[in-house]
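Open the model in your viewer and keep the sequence panel beside it. This tour goes from stop to stop, saying what to select and what is there.

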Amino acid sequence: MKPVVLLLANLITSYVSFLAAADARTTVGQRTQRNNHSNISDLLDNLLRGYDNSIRPDFGGPPATVEVDIMVRSMGPISEVDMTYSMDCYFRQSWVDRRLAFQSGKETLALSISMLARIWKPDTYFYNGKHSYLHTITSPNKFVRLYQDGRVLYSSRLTIKAGCPMNLEDFPMDTQRCPLQFGSFGYTARDVIYKWNSARQVAIAEDMKLSQFDLVANPTANHSTAPGFSHEYSMLLVYFHLQRHMGNFLIQVYGPCILLVVLSWVSFWLNREATADRVSLGITTVLTMTFLGLEARTDLPKVPYPTALDFFVFLSFAFIFATIIQFAVVHYFTKYGSGECYFSSDLSETESSSEEEDADRRPARSQPTRRKSSSSSGARGRGNRFAMSNDSTIEVIPLSAISIPNKDSAVAGHWQVSCVSCSPSPRRTLPPPPPSRRTTSSTSRRRRRRRAPRYNSVSKIDRASRVVFPLFFLAINLFYWYAYLSRSERMHYYNSNAA
């Protein structure tokens, strides 16, 4: 029993000793942390005691040097109408202020952003900036680091909208150079000098993608003066070389223009007598080409010079217009009877009707005629009687039954109509019927040979145009693409070397 009691007593004693040691360590840690906090606060109070944030570092001596580097996170939109571009970046500035040098166990102190109002910082601004702002969600996106040698690192996240003077002569095969210029707003080069950080100047995020451009280069440069100012100012430059994608323009402009030009060539295979078809096809392609040309310039500024896209649209429009002029020339040299004969169907119907009339008249002439006499008017000659709805009878007497010296005059004579039992009225004469189409078989065959329909004739101008227009359009396209693509490569090479 005694060994168990002794064991329990030892366990309780060890546990109490462990709790006492842990409590002592906690107390020491809290006392040490309070001492560190008090030491940092005392350190900052001592550094800022008598510190004047309105005076630059090394006032009265050499100029203060501000090192800058930029980390670009994203870029866009890029507007040709406003000639501006936007970018989201981390803008870092570093300078040495010996008044803030300290001796401590820590090499770096992370300061609150409220310290920025108590220390000196450069008044950097963007010369070609349009509308730039600091991100403030959920808190202002900036921080300050202080090193033992007095170096201050100030970083902030900015969205910069800057101007980009663009030359759109090679649009959409162009490469634009969008600059970013920044420096001090009030300090001249005798007080503050800007220079790029040698370790990293302008870094681009690996996942950054642009919808319409490719960032092909970002050269940097240093300048000691800015145009338009009487004093020398230190200024830094970075150029973003943006090469435009052509896929969207090939689909929306170049492809439809080429197809419209090819569609206008369909008129070369249409009959030259089909005036309505060829004119309507030409007018439709011209109107569609006009709409495409206007639509292609909606996203472009009103520049005073033509772009590469304008040249292509104008060439396509000229080819379509030349197609209409070509048809006008073909139609001018088209003579009557040289193409499709539209009376071929009327000729067959006329011949069939004339044959039926001849067949009907032959038995009529073989029937015996009847003589009619009248006491009041004498013999009326041979004729036929027809009953009318009002109980009247009309007798038709063909002139062939009357003996006429000249047979041709009988053919050209009138049909006489007389009433037998109708009310007294003057005898009326009907208008002459159409001339008789009775002809002999030999005369009919000669007429058929003389009026036989002809097939469509093809104009020599149309035959030549089927070959000349495509070859000429192909040659102009080869020259166009070679000239602008080679020019775009030369300009890109020149810009890279100049920067």
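A residue is called buried when its relative accessible area is under 20%, exposed when that value is over 50%, and partly exposed in between. The model on the screen is predicted.

**Stop 1: the whole chain**

Show the chain as a cartoon. The protein chain has 8 helices and 18 strands. Of its 499 residues, 32% are buried. Next, switch on the surface. The accessible surface comes to about 31400 Å², and carbon and sulfur atoms account for 58% of this. Contacts can also be sorted by distance along the sequence: among those between residues at least 6 apart, 74% join residues at least 24 apart.

**Stop 2: strands β1, β2 and β7**

Select residues 64-79, which form strand β1, and residues 84-96, which form strand β2. The two strands pair in the antiparallel sense over 10 bridges. To see one place along this pairing, pick V72 in the viewer, and then find C89 of β2 opposite V72. The hairpin of β1 and β2 has 4 residues between the strands, and here M83 takes a positive phi near 55°.

Now add residues 151-163, strand β7. How many bridges join β2 and β7? There are 13 bridges, and this pairing is also antiparallel. M87 stands opposite I160 of β7.

Why is β2 described as largely enclosed by the rest of the structure? Of its 13 residues, 11 are buried, so the description follows from that count.

**Stop 3: the largest nonpolar core**

Select I70, Y85, M87, L180, F182 and F240. These are the residues with the most contacts inside the largest nonpolar core, which has 78 residues. Strand β1 gives the most to this core, namely 7 residues.

Keep F182 and hide the other five. Setting aside neighbours within four places in sequence, F182 is in contact with a list of residues that includes V68, I70, F91, Y125, W196 and L236. Also among the contacts of F182 are T124 and S234.

**Stop 4: strand β3**

Move to L111 in strand β3, residues 108-111. Is L111 buried or exposed? L111 has a relative accessibility of 13%, so it counts as buried. Neighbours within four places aside, the contacts of L111 are L44, V144 and L146. Then pick the C-alpha atoms of L111 and R145: they are separated by 6.0 Å, although the two residues are 34 apart along the chain.

**Stop 5: salt bridges**

Side chains of opposite charge can pair when their charged atoms come close. The structure holds 13 salt bridges, and three of the pairs are visited here.

- Select E67 and K195. Their side chains meet in a salt bridge, 3.8 Å from N to O. The pair links distant parts of the chain, with E67 in strand β1 and K195 in strand β9 (residues 192-196), 128 residues apart. K195 has 36% relative accessibility, so it counts as partly exposed.
- Select E169 and R487. The closest N and O atoms of this salt bridge are 2.9 Å apart. E169 is in the loop between β7 and β8, while R487 is in helix α8 (residues 460-498), 318 residues apart. Both count as partly exposed, E169 at 29% relative accessibility and R487 at 30%.
- Select R278 and D462. Their closest N and O atoms are 3.1 Å apart. R278 lies in helix α3 (residues 275-296) and D462 in helix α8, so the salt bridge ties together parts 184 residues apart in sequence. R278 counts as buried because its relative accessibility is 3%, and D462 counts as buried because its value is 2%.

Before leaving this stop, select D69, R92 and R200. Salt bridges that share partners join these residues into one network.

**Stop 6: a nonpolar patch on the surface**

Turn the surface on again and colour F321, I325, V329, Y332, F333 and I461. Together they make a nonpolar surface patch of about 610 Å². Which element gives the largest share of the patch? Helix α4, residues 308-332, gives 4 residues.

Finish on Y332, which lies in helix α4. Y332 has a relative accessible area of 65%, so it counts as exposed.

Conventions. Residues numbered from 1 in each chain as written. Predicted model: local features only at pLDDT ≥ 70, side-chain atom pairs only at ≥ 80, totals over all residues. Heavy atoms only, no water. Core = buried A, V, L, I, M, F, W, Y, C linked by side-chain atoms within 4.5 Å. Buried < 20%, exposed > 50% of the residue type's maximum accessible area, 1.4 Å probe, protein only. Contact = heavy atoms within 4.5 Å. Patch = residues over 30% accessible without salt bridge, like charges linked within 9 Å, V, L, I, M, F, W, Y side chains within 5 Å. Areas by Shrake-Rupley, 256 points an atom, 1.4 Å probe, with all protein chains shown as cover. Salt bridge = Lys/Arg side-chain N within 4 Å of Asp/Glu carboxyl O. Pairing = 2+ DSSP bridges.
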